[in-house]
Amino acid sequence: MIGRLARTARTSRILSSIAAILLIAGCTNYYEIAVETPIKPKLDVSAFQRVLVAGFLAGGTDDVDGNLETTRLLRSQLRTKSELRVIDTDVLPLMEVAAEEVGATEAKAEPARTEPAGEGKSEAKTEAKGEAPQPATPDKPATIKVSKDLEPYEHIFANVEYWKKIGEEYQNPLIVTGTVMFTPAARSGIVQREEEIYDSFGRRRVVPVRTYMERKGYKLAPKFIFIDGRTGTVMHSENFSEEVLYNANQSTPALSSYFELMDRLIPSFLSTLSSQKIKGTRVLLQ
Amino acid sequence: MRTWVLTALFLVSAAAAPLAADARADAKKQVEFGITVAQRGLWREAIYRWERATQIDPTYAEAQNNLAIAYEHEGDLEKARVAYEKALELAPNNALIKQNYELFKEINDRTTRKDSQDIPDP
């Protein structure tokens, strides 16, 4: 009698489990489907047939020439992934151009400084002069270590006449320029990593382990500026920042870190100029 | 008088229930057809079907979800956002809709980054 009751209870449990599974399956009819989301470009570049990646104000580590590498990389990416014709030309030494401008402005301002003024005022001017960046020369390039050091040179992007002249020279293209800071970064703290362990039976397990680690790497912070070559005016600008850190014992060349970080930024850069398709999957429901 | 009111209320609710069920059944047919055509890559037809489904039954969260996916596929991100939000409003605990919305948001946030600046024409 007890055995029969137990069997009945077991059977009813199995039946109710099956019913629950059928109910869930019946309620949630879903279909996974591939989607390709087209992303419209942020900038309307339909007026341009050509693009000139002119060059960048660059600073940070000496191991990578931020101006040259960024110009080369963006040109090659635009050549394959945009409909604009990429102009091949020498990279503009923007730092020197900007430094020359600073020099010219200071020379113009010089007579005003020699005019009689109060003692306090002339002191303030001397201080300001002391903070001004040292102009870059072919023998002695300016030392740009932090992004603040770039600020005195950034007026070049607002120089409409300069960019208009460049535009005329290359038949009114879209001009891509900006700043690139590629600096070493170091951080220490608790990091979670996975560790393989084997028990007494030789079975492998992966467990998360939290350890204190010193990490070193690089930070890349570019600002891309898009200039209308017909008018010399800035159309759009965009800031990015990416960082990569490795175990302090690991020796990773600066150039490979630079490319690793640029690789992350390139899709966003390209989506400013050309339409992109982002592939993914979604779930359709009934 | 009270009996009359109660009877009238009963009749109205009794009539409304099958109507709602009919609406859902009609909407479901549209949704099913939409899924079939979307699987064949006919997304515009799918949009038409799912829009019809949401008109027939505005409380149909699954139809809103599908419509959002179709808008996303067509690159109409603003309409997709509205449809996803509507779907989640109707079915806040649906994990699949939530998952779709999270994936959509990743793309949408990329296109509406705040650290970019458009400089207006002078």
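In this predicted model, Ala61(B), Asn65(B), Ile69(B) and Glu72(B) of helix α3(B) meet Ile97(B), Asn100(B) and Phe104(B) of helix α5(B). Sorted by class, the residues of this contact are 4 nonpolar, 2 polar and 1 charged. The positions on α3(B) can be read against a general property of helices: an α-helix has 3.6 residues a turn, so residues three or four places apart point the same way.

**Helix α3 of chain B**

Helix α3 of chain B runs over residues 61-74, and for its 14 residues, at 1.5 Å a residue, a span of 20 Å is expected, which agrees with the 20 Å that separates its end C-alpha atoms. Because 12 of these 14 residues are buried, α3(B) is largely enclosed by the rest of the structure. Among the buried residues are Asn65(B), Ile69(B) and Glu72(B), which also take part in the contact with α5(B), and likewise Leu67(B), Ala70(B) and His73(B), which belong to the contact with α2(B). Just after the helix, Gly75(B) adopts a positive phi of about 85 degrees.

**Two helix partners**

Two packed helices are described by the angle between their axes and the distance between the axes. The table sets out these values for two pairs that include α3(B).

| Helix pair | Axes come within | Crossing angle |
|---|---|---|
| α3(B) and α5(B) | 11 Å | roughly 20 degrees |
| α2(B) and α3(B) | 9 Å | roughly 150 degrees |

An angle under 35 degrees counts as roughly parallel, and α3(B) and α5(B) are therefore roughly parallel to each other. An angle over 145 degrees counts as roughly antiparallel, and α2(B), which covers residues 43-56, is therefore roughly antiparallel to α3(B). The crossing of α3(B) with α5(B) is left-handed, and the crossing of α2(B) with α3(B) is left-handed as well.

On the side of α2(B), the contact with α3(B) draws on Trp43(B), Ala46(B), Ile47(B), Trp50(B), Glu51(B), Ala53(B) and Thr54(B), while α3(B) supplies Ala63(B), Gln64(B), Asn66(B), Leu67(B), Ala70(B), His73(B) and Glu74(B). By class, the residues of this contact comprise 8 nonpolar, 4 polar and 2 charged.

**Where chain B touches chain A**

The contact between the chains takes 25 residues from chain B and 25 residues from chain A. On the side of chain B, the elements that give two or more residues are α1 (2-39), α3, α5 (95-111) and β1 (116-118), so named within chain B by the convention that numbers elements from the N terminus. The largest share of this side, 7 residues, comes from α5(B), the helix that α3(B) also meets through residues such as Ala61(B). Classed by type, the side of chain B that touches chain A holds 9 nonpolar, 10 polar and 6 charged residues.

**Chain A and the surroundings of Phe48(A)**

Chain A contains 7 helices and 8 strands, and 25% of its 286 residues are buried. Of the contacts in chain A between residues at least 6 apart in sequence, 75% join residues at least 24 apart.

Phe48(A) is placed in the loop between β1 (30-39) and β2 (50-60) of chain A. Phe48(A) counts as buried because 21 C-beta neighbours lie inside 10 Å, where the cut-off is 20 or more. Once its neighbours within four places in sequence are left aside, Phe48(A) is in contact with Leu84(A), Pro173(A) and Leu174(A). Glu83(A) is 35 residues from Phe48(A) along the chain, and the C-alpha atoms of these two residues are separated by 9.9 Å.

Technical notes: Residues are numbered from 1 along each chain as its sequence is written. Chains are lettered from A and ligands numbered from 1 in the order in which they are written. This is a predicted model: local features need pLDDT of at least 70, side-chain atom pairs count only at pLDDT 80 or more; totals for chains, interfaces and linings use all residues. Helices (H or I, at least four residues) and strands (E, at least two) are DSSP runs, numbered from the N terminus. The expected span of a helix is 1.5 Å times one less than its number of residues. Two residues are in contact if their C-beta atoms, placed from the backbone, lie within 7 Å. Ala, Val, Leu, Ile, Met, Phe, Trp, Tyr, Cys and Pro count as nonpolar, Asp, Glu, Lys and Arg as charged, and the others, Gly among them, as polar. Axes are lines fitted to C-alpha atoms, for helices over the stretch in contact, and angles run from 0 to 180 degrees between N-to-C directions. Angles under 35 degrees count as roughly parallel, over 145 as roughly antiparallel, 65 to 115 as roughly perpendicular and the rest as oblique. A crossing is left-handed if the near helix is turned anticlockwise from the far one by less than a right angle, and right-handed if clockwise.
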